[in-house]
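Reader: I'm in my first year and still learning to read protein models. Could you take me through this one?

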Amino acid sequence: MIAHVRRTVLALALLGAAAAAHAAPAPPPKLVVVIVVDQMRGDYVARYGFQWTGGLRRIVDGGAWFRRAAYPYLTTVTCVGHATVSTGAFPRTHGIVGNSWFDRELDRSVTCTWDPGRTNVSYASPVSGGESPWRLQTATLSDELRAQMPVPARVVTVSIKERTAIMLAGDRADAVAWFNAAAGGFVTSSAYTSVPVPFIAEFVKANPVTADFGRTWTRTLPAGQYLFADAGKGEKPAAYWSAEFPHAIGAGAGTPDAQAFEAWESSPFSDDYLGRMAIASVDALKLGQGKGTDFLGVSFSALDLVGHDFGPASHEVQDTLVRLDRTLGRLLAHLDRTVGAGNYVVALTADHGAAPIPEQTAAAALDAGRLDSAAVRLAAQKAIEAAFGPGLGPVRSQYSDLILPPGVVDKLRRDSQATDEVLRAIKAVPGVAAAFFAEQLQSHAAAGDRDAHAALLSYYPGRSGDLIVMPKPYWFFVTADGSPQPGSATSHGTMYGYDQQVPLILFGKGIRPGEYTRPATPADIAPTLAYLCGVTLAHADGDVLAEALAAPAPSAQRGR
Ligand SMILES: [Zn+2]
């Protein structure tokens, strides 16, 4: 009997030794945190980072920073970028080709999340519409974590915008919440829940957004510490704000008017609110404190709204980042206390960058301007009528995409001279750099045309345009509104560096700190996080950022 027990103990010891010898994988992170800072240019870290002392500082100093990270595709806009971050795929694969695109069957423009089969669920006033990720063609990392981990991941995403909260999450989640100014509060969708999620409902009740009304956004640091001018050339603040600090949120405390909600969204107060909502989610669901790996996604929207109005070289952008640094500092400190420092992994990135304000670029004697979408559409319409006669129907435009009337694509396919003439007419519009017949993107890309290659990565048949139009550097599309400066002060959505380059920093569990100069894209984030968690993405275009992975521990130390 004793001999038998001894033999069993010996066998178990041998088994244990064998397991240790076979490199047992490091345990996965307890919590995956994906932070997207909407419109954060890659160069903001180098330019404004000297002012950071909180969470951004910790992530930059303690993380694996891919300094040359950039989206490689043309359509550098919000919904596309978030879908790329969450799936590890480019738009040619995930199918999200814009914030909106022209639905040929419905003969109208649709937003990337509009879903006639869903209804939105409000935490505030009743709200119309319905949103979901039903048009996303690739599973997200969090959906794969739910599906593949031995203990399904709990998933929470929060943002100000519906497209960012939804694309970060994917098909299912414990809570997906975004802000809706018309509802005067946060909402979700029947895609995720038929009734308000109790812990979000409790949080928004205890923390009314209107508590920020009557507050004033002022500079956090002494005015002398800000680069550039406060009222920079070409800034275009909303009607209720001037180009200079301070910026008031609403007329008075608690006054719930639409303008106050808009001002609040466009202020760092909305980022701070999302940070607190994220902390409340961690506490309510005990994210990262269970047996499995959980997922928290936060997309901070204020920088995008601020950037569009005040431009990348503004006190407002600098201050939004100074305050986000503090907001993230509080979030990381909370994760240290609850999940444990070193038990969670963070990915910090952006969905796109932004162009400088054309008036400021022009003042530096560089060619810059706003490209009128209507002028491009009209040029195409006229050239098509000149080639094939009138009465074919209207040309539609959506950013870089032109959608041709039914039958015209067939005609162009058979008539290369007419195709050349149409493209020539579009390229004659001031501000246009290039125009392609979508069916020729492949051959142009194969011949080494970089712009065609960028457009091809963004191209999804049936959703993308029939003709693809690209502005010159420092130009972007606007819709003419009769004003001398139509559209926002600045924008994004091109294949130029200022739109494509974004921060990409991984931090925490399993990550080796360092600065890396090899090319990388935000599509590498989900594959890298999936690798850390030991799950497989079915259809990623990105790759694992191997340099960022911590060296494996010696096998003798494993399994203890
Ligand atoms: Zn964006």
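Author: Sure, what follows is a set of questions and answers about this model, which is predicted.

Reader: Okay, let's start with rings. How many aromatic pairs are there?

Author: A pair of aromatic rings is described by the distance of the centres and the angle of the planes. Counting the pairs in this structure gives 16.

Reader: Take F179 and F261. At what angle do their planes sit?

Author: Their centres are 5.8 Å apart, and a pair counts as tilted when the planes are neither under 30 degrees nor over 60 degrees apart. F179 and F261 fall in that middle range, with an angle between the planes of 45°.

Reader: How many residues apart in sequence are the parts tied together by that pair?

Author: F179 belongs to strand β7 (residues 175–180), while F261 belongs to helix α9 (residues 258–265). The pair therefore ties together parts whose separation in sequence is 82 residues.

Reader: Are those two rings buried or exposed?

Author: Buried means under 20% relative accessible area. F179 comes in at 4%, and F261 has 6%. That puts F179 below the cut-off, and F261 also counts as buried.

Reader: What kind of pair do F179 and W264 make?

Author: Their ring centres lie 4.9 Å apart with the planes at 50°, so this pair goes in the middle class too. It links strand β7 to helix α9 across 85 residues, and both F179 and W264 are buried. The kind of pair is tilted.

Reader: Which residues form one aromatic cluster with F179?

Author: We've met two of the partners already: F261 and W264 are in the cluster. The other members besides F179 complete the list, which makes the partners F186, F203, F213, F261, W264 and Y273.

Reader: Rings can sit under charges too, I've heard. Which ring does the charged end of R215 sit over?

Author: There are two cases to look at here. The charged end of R219 sits over the ring of Y226, 5.9 Å from its centre. For R215 the distance to the ring centre is 3.9 Å, and the ring belongs to F269.

Reader: Back to β7. How many of its residues are buried?

Author: In a regular strand the side chains alternate between the two faces of the sheet. On one side of β7, A175, A177 and F179 are buried, and on the other side V176, W178 and N180 are buried, so to speak, from both faces. The count for β7 is 6 of 6.

Reader: Which way do β6 and β7 run, parallel or antiparallel?

Author: Strand β6 (residues 155–159) is joined to β7 by 3 bridges, and one of the bridge partners is A175, facing V156. With helix α7 (residues 162–169) included, β6 and β7 make a right-handed β-α-β unit. The direction of β6 and β7 is parallel.

Reader: And on the β8 side, which residue stands opposite W178?

Author: β7 is joined to strand β8 (residues 185–189) by 3 bridges, and these two run antiparallel. They form a hairpin with 4 residues between them, and G184 in the turn has a positive phi of about 65°. Opposite W178, in β8, is V187.

Reader: Now for the empty spaces. What volume does the largest pocket have?

Author: Its lining takes in 41 residues, with N99, R163, H308, Y399 and S491 nearest the centre. Among the elements that each supply at least two lining residues are α7 and β7. The volume of the largest pocket is about 920 Å³.

Reader: What about the largest cavity, what is its volume?

Author: There are 2 cavities of 30 Å³ or more. The largest one is lined by eight-odd names I can shorten to a few, including L74, D401 and Y459. Its volume is about 50 Å³.

Reader: Last one: which residue is joined to P246 by a cis peptide bond?

Author: Most residues other than glycine have a negative phi, and most peptide bonds are trans. P246 lies in the loop between β9 (216–217) and β10 (247–248), and omega of the bond is about 0°. F228, in the loop between β9 and β10, has a positive phi of about 65°. The residue joined to P246 is F245.

How values were computed. Residues are numbered from 1 along each chain as its sequence is written. This is a predicted model: local features need pLDDT of at least 70, side-chain atom pairs count only at pLDDT 80 or more; totals for chains, interfaces and linings use all residues. Side-chain values use heavy atoms; hydrogens and water are left out. Rings of Phe, Tyr and Trp (its six-membered ring) pair if their centres lie within 6.5 Å; planes under 30 degrees apart count as stacked, over 60 as edge-to-face and the rest as tilted. Buried means under 20% relative accessible area, exposed over 50%, partly exposed in between (1.4 Å probe, protein chains only). A charge sits over a ring if NZ of Lys or CZ of Arg is within 6 Å of the ring centre and within 35 degrees of the ring normal. Two strands pair if DSSP finds at least two bridges between them. A crossover is right-handed if, with the strands pointing away from the viewer, the path from the first strand over the helix to the second runs clockwise. On a 1 Å grid over the protein atoms alone, a cavity is a set of points where a 1.4 Å probe fits but cannot get out, and a pocket is an open set with protein on both sides within 12 Å along at least five of seven lines; lining residues have an atom within 4 Å of a point. Grid points are joined across faces, edges and corners, and a volume is the space filled by probe spheres set on the points.
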